[in-house]
Amino acid sequence: MEIPIRRFRAGWVLGCVLAPLIAAPAFAGSCESLASLALPNTTITMAQVVPAGAFLPPGAGQGTASVGNAYKDLPEFCRVAATLRPSSDSDIKVEFWLPASGWNRKLEAVGNGGWAGVISYSALANSVKAGYASVSTDTGHVGGSGSFASDHPEKLADFGWRSEHEMTVKAKSVIQAFYGSAPRLSYWNGCSTGGRQGLKEAQRFPDDFDGIIAGAPANRTALALWIAFAVLKDPASYIPSAKYRLIHRAVLEACDARDGVKDGLLEDPTRCDFDPKALLCKGADDSSCLTAAQVAAAQRIYAAATNPRTGQVLFPSLVPGSELGWGVLGGGPDPYGNLLDHYKYVVFKNPNWDWKTFNFDWDIARSEQPENTLMNATDPNLRPFFAHNGKLLIYHGWSDPNVAALNTIRYYKSVADTLGGASKISNNVRLFLVPGMGHCAGGEGPNVFDKVGPLDEWVEQGKAPERILASHSTGGKVDRTRPLCPYPQVAKYKGAGSIDDAANFACQAP
């Protein structure tokens, strides 16, 4: 077993005793020497050693306790910053973080959220703590708005796919220059936009990574507009947040026990046929019921989006169990900003575009033109990625109110259909759906689980994850564990023992 080099710093005497037994790493150069590293279309802007526990993200003051606590356990590392310009309009910022000791000879690239526009510092820190060399990018612009895309097709390409690939190629060169060897294995780890980025890498650059974690991949649909039309366009249809829990309780009352155990979770929300009409006010509107207009709005939230002229299903919507998060897309007064920006700056190229004019017939056709969907990662042909035994671990919270979990299932099924069926792809891709989990994290269900460990074991040992242990905590104390099962399996109660103990559940066919 390799002993991390940092352990020798405990004492000079111990170091002298063990030195003949264990060779020190053969670094190819100092951290500072990386400042002169010449790479195509790359300008190194910083290369410096950061002492253990000393990192503060840009803009954070020394007295910021919460920031300091977030990075206090970070070991010493070499921090390299660079600007990449693969096109004449590119300005992609990246950072490479390289552990000064204990490197596990692997690279973990980390993804972004929303429109990105910032380096993912906390994710970099988690990677380095675990012994990985890590890399992150701002995807080529600053700030969380989509306004950068107006009249800048190259910047949109950088955001959509190019920045992640460019940073990965450069990261492997920087690692080679610093450690004297390339990473033995390379992983991607991201959720939301980061999940979409991971799928895009597998589809477009299949040789970049050996393993990819893609959580809640945020492929763009008009879901935010669909829900805005349901609850925001007509004030009478608006559902106030005070009624979200009312609807949620009614859903659980109707469907919770259908999976064999009444635990406040829906193991498979697609089996719930709850109709909001059950909450229709019998008299005046109050907090215990829904008006007729609110019933219709709730029904539309659950329903797949359809073309009003042809009836064609366009994309899936949210599922029963997601009600506590409806304020994300339906809280108003306008649609969810991330998706609204997409239509303002990418599809219609008009910052003053009025969302109420959207038509789910011809405007859908316009939004699906290649130039407007280049960031989406929906190509089902993963054969090139699987050809070198690449592993893809996808996860999604069933109660996600931002990105429809059904959209991820639809993508998974498209891969299976393209490559010969679920049994043909199970050694390379697995989808884990998380009951009660929100967008990437949080929620009423067990939502904390290790993703990197199962992926690493899958890549290194060929052992595909048959179940992943997830936990839920209240007040910092774990109060429920549950297995997450590879789709389409679900966790079924064995009939005895605590329903809060994962040991009493088995992954079985639905």
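**Exercise 1. Which residues of helix H15 (residues 452-461) are buried?**

Keep in mind as you work that this is a predicted model.

Step 1. Walk along H15 and pick out the residues with under 20% relative accessible area. You should end up with Val452, Pro454, Leu455, Asp456, Trp458 and Val459.

Step 2. Now look at what covers those buried residues of H15. The cover includes strand S4 (106-110), strand S6 (185-191) and strand S7 (211-215). Strand S10 (391-397), strand S11 (429-434) and strand S13 (468-474) are also among the covering elements.

Step 3. Go just past the end of H15. There you meet Gly462, whose phi is positive, at about 75°.

**Exercise 2. Work out the strand order of the open sheet and find its edge strands.**

Step 1. Trace the sheet from one side to the other. The order reads S1-S2-S3-S5-S4-S6-S7-S10-S11, which makes 9 strands in an open sheet with mixed pairing.

Step 2. Check the two ends. Strand S1 (42-50) and S11 are the edge strands, since each pairs on one side only.

Step 3. Add the twist: going from one strand to the next, it averages 15°.

Step 4. Zoom in on one pairing. Strand S3 (residues 92-99) and strand S5 (residues 133-137) run antiparallel to each other, with 4 bridges between them. Within this part of the sheet, Val94 stands opposite Thr137 in S5.

**Exercise 3. Describe how helices H3 and H5 sit against the strands.**

Step 1. Start with helix H3 (residues 121-129). You'll find H3 lying across strand S2 (77-84), S3, S4 and S5. Its direction is at about 25° to S3.

Step 2. Move on to helix H5 (residues 193-204), which packs on the sheet and touches S6, S7 and S10. Compare directions here too: H5 makes about 140° with S6.

**Exercise 4. How many disulfides are there, and what is the pairing of the bonded cysteines?**

Step 1. Look for pairs of cysteine sulfur atoms within 2.5 Å. The count comes to 5 disulfides.

Step 2. Number the bonded cysteines in sequence order. The pairing then reads 1-2, 3-8, 4-5, 6-7, 9-10.

**Exercise 5. Take the disulfide of Cys31 and Cys78 and say what it ties together.**

Step 1. Check the bond: the S to S distance between Cys31 and Cys78 is 2.1 Å. The angle about the S-S bond is 80°, and this link is right-handed.

Step 2. Place both ends. Cys31 is in the loop between helix H1 (12-18) and S1, while Cys78 belongs to strand S2, so the bond ties together parts 47 residues apart in sequence.

Step 3. Ask about exposure. Cys31 has a relative accessible area of 4% and is buried. Cys78, at 2%, is buried as well.

**Exercise 6. Do the same for Cys255 with Cys272, and for Cys281 with Cys289.**

Step 1. The sulfur atoms of Cys255 and Cys272 are 2.0 Å apart, and the two form a disulfide. This link is right-handed, with 70° about the S-S bond.

Step 2. Locate the ends: Cys255 is in helix H7 (residues 244-255), and Cys272 is in the loop between H7 and helix H8 (292-302), 17 residues apart. Both Cys255 and Cys272 are buried.

Step 3. Turn to Cys281 and Cys289, a disulfide with sulfur atoms 1.9 Å apart. The torsion about their S-S bond is about 90°, so this disulfide is right-handed. Cys281 and Cys289 are both buried.

Notes
Residues numbered from 1 in each chain as written. Predicted model: local features only at pLDDT ≥ 70, side-chain atom pairs only at ≥ 80, totals over all residues. Heavy atoms only, no water. Buried < 20%, exposed > 50% of the residue type's maximum accessible area, 1.4 Å probe, protein only. Helix = DSSP H or I, 4+ residues; strand = E, 2+ residues; numbered from the N terminus. Contact = heavy atoms within 4.5 Å. Pairing = 2+ DSSP bridges. Axes fitted to C-alpha atoms, helices over the stretch in contact; angles between N-to-C directions.
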